[in-house]
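Open the model in your viewer and get ready to select residues by number. We will go from stop to stop, and at each one you will read what to pick and what is there.

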Amino acid sequence: MTAPLGRPRVRIPSSARAGEVIEIRTLIDHPMETGLRKDADGKLVPRDILAGFVARANGAEVFSAVFRNATSAHPYLVFYARVTASTEFEFVWTHEDGRTARTAASVTIG
């Protein structure tokens with residue numbers, strides 16, 4: 001049994017100046033079990049990892065990551081994006097079984 005996808009969290013400024021580079025922080029709660037660890041009874045804990053992450057700005061991909069066995073639990077990502085106009089960001093985490101967790105945030109230029 002795989003764990004439910006955790007609640008995704010994003011920290012992004014709500015406003016910026018045109019052309020400004022903004023910092024985007026993301027986090028999702030997930031155990032990231034590799035399938036190599038044993039439980040107290042000596043049985044292998046089933047593999048349960050997120051496969052990847054994609055960030056889109058107004059529908060265009062601006063950042064992506066592929067997760068592997070060595071990715072820590074509760075993957076935390078920090079990246080930067082330049083915003084030239086008001087932007088709607090979408091963030092999607094994909095489990096290796098195809099399930100996804102999504103959230104969105106916007107930045108207003110003003």
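Start by selecting His74, which counts as partly exposed at 40% relative accessibility. This is a predicted model, so treat every stop as part of a prediction. His74 sits in the loop between E5 and E6. Check its backbone as well: phi of His74 is near 55°, a positive value in a residue other than glycine.

Now select Met32, in the loop between E3 and E4. Is Met32 buried or exposed? With 5% relative accessibility, Met32 counts as buried. Met32 is not a glycine either, yet it has a positive phi of about 50°.

**Step back: the whole chain**

Show everything as a cartoon. How many helices and strands are there in the protein chain? You should find zero helices and eight strands. Reading from the N terminus, the elements go β-β-β-β-β-β-β-β. Turn the model around: the C-alpha trace spans about 60 × 20 × 20 Å along its principal axes. Of the chain's 110 residues, 35% count as buried. If you switch on the surface, its accessible part comes to about 6,500 Å², and 51% of that belongs to carbon and sulfur atoms. Among contacts with a separation of 6 or more, 58% are between residues 24 or more positions apart.

**The three-stranded sheet**

Strands of a sheet pair through backbone hydrogen bonds, either parallel or antiparallel. Colour E1, E3 and E6: they form an open sheet of three strands in the order E1-E3-E6, with antiparallel pairing. Why is one side of E1 and of E6 left without a neighbour in the sheet? E1 (8-11) and E6 (76-83) stand at the edges and each has a single partner strand, so one side of each stays free of a neighbour there. On average, neighbouring strands of this sheet are turned by 25° against each other, direction ignored.

Zoom in on E1 and E3 (residues 20-28), which pair in the antiparallel sense over four bridges. For one example, select Pro8 and look across to its bridge partner in E3, Ile28.

**The five-stranded sheet**

Next, colour E2, E8, E7, E4 and E5. Here you have an open sheet of five strands in the order E2-E8-E7-E4-E5, this time with mixed pairing. Which strands are at its edges? They are E2 (15-16) and E5 (60-66), each pairing on one side only.

Inside this sheet, follow E4 and E7, which pair in the antiparallel sense over seven bridges. Select Arg56 and you can find its bridge partner Glu90 in E7.

Then move to Ala65 in strand E5. Ala65 has a relative accessible area of 9% or more, namely 18%, and is buried. Draw a distance from Ala65 to Gly52: the two are 13 residues apart in sequence, but their C-alpha atoms are 5.5 Å apart in space. Leaving aside neighbours within four places in sequence, Ala65 is in contact with Ala51, Gly52, Phe53 and Leu77.

**Into the core**

In soluble globular proteins, nonpolar side chains tend to be buried together. Select Ile12, Ile22, Ile24, Phe53, Phe67, Phe89 and Phe91: these have the most contacts inside the largest nonpolar core, which has 24 residues. E3, E4 (50-57), E6, E7 (87-95) and E8 (100-109) each supply at least two residues of this core.

Keep Phe53 selected and show what surrounds it. Beyond its neighbours within four places in sequence, Phe53 is in contact with residues including Thr26, Phe63, Leu77, Phe91 and Trp93.

**Last stop: Thr87 and Ser106**

Select Thr87, in strand E7. Thr87 is buried, with a relative accessible area of 9%. Its side chain reaches the backbone oxygen of Ala85 at 2.7 Å. Not counting residues up to four places away in sequence, Thr87 touches Ala57, Asn58, Ala105, Ser106 and Val107.

Follow that last list to Ser106, placed in strand E8. Ser106 is partly exposed, with a relative accessible area of 37%. Its own contacts, with residues up to four places away left out, are Pro13, Ser14, Thr87 and Glu88. To finish, draw a line from Ser106 to Asn58: they are 48 residues apart along the chain, and their C-alpha atoms are separated by 9.5 Å.

Key
Residues are numbered from 1 along each chain as its sequence is written. This is a predicted model: local features need pLDDT of at least 70, side-chain atom pairs count only at pLDDT 80 or more; totals for chains, interfaces and linings use all residues. Side-chain values use heavy atoms; hydrogens and water are left out. Two strands pair if DSSP finds at least two bridges between them. Axes are lines fitted to C-alpha atoms, for helices over the stretch in contact, and angles run from 0 to 180 degrees between N-to-C directions. A nonpolar core is a set of buried Ala, Val, Leu, Ile, Met, Phe, Trp, Tyr and Cys residues joined through side-chain atoms within 4.5 Å. Buried means under 20% relative accessible area, exposed over 50%, partly exposed in between (1.4 Å probe, protein chains only). Contact means heavy atoms within 4.5 Å. Accessible areas come from the Shrake-Rupley method with a 1.4 Å probe; for residues, only the protein chains shown count as cover. A polar contact is a pair of N or O atoms within 3.5 Å; within protein, one must be able to donate a hydrogen and the other to accept it, and residues adjacent in sequence count only if both atoms are side-chain atoms.
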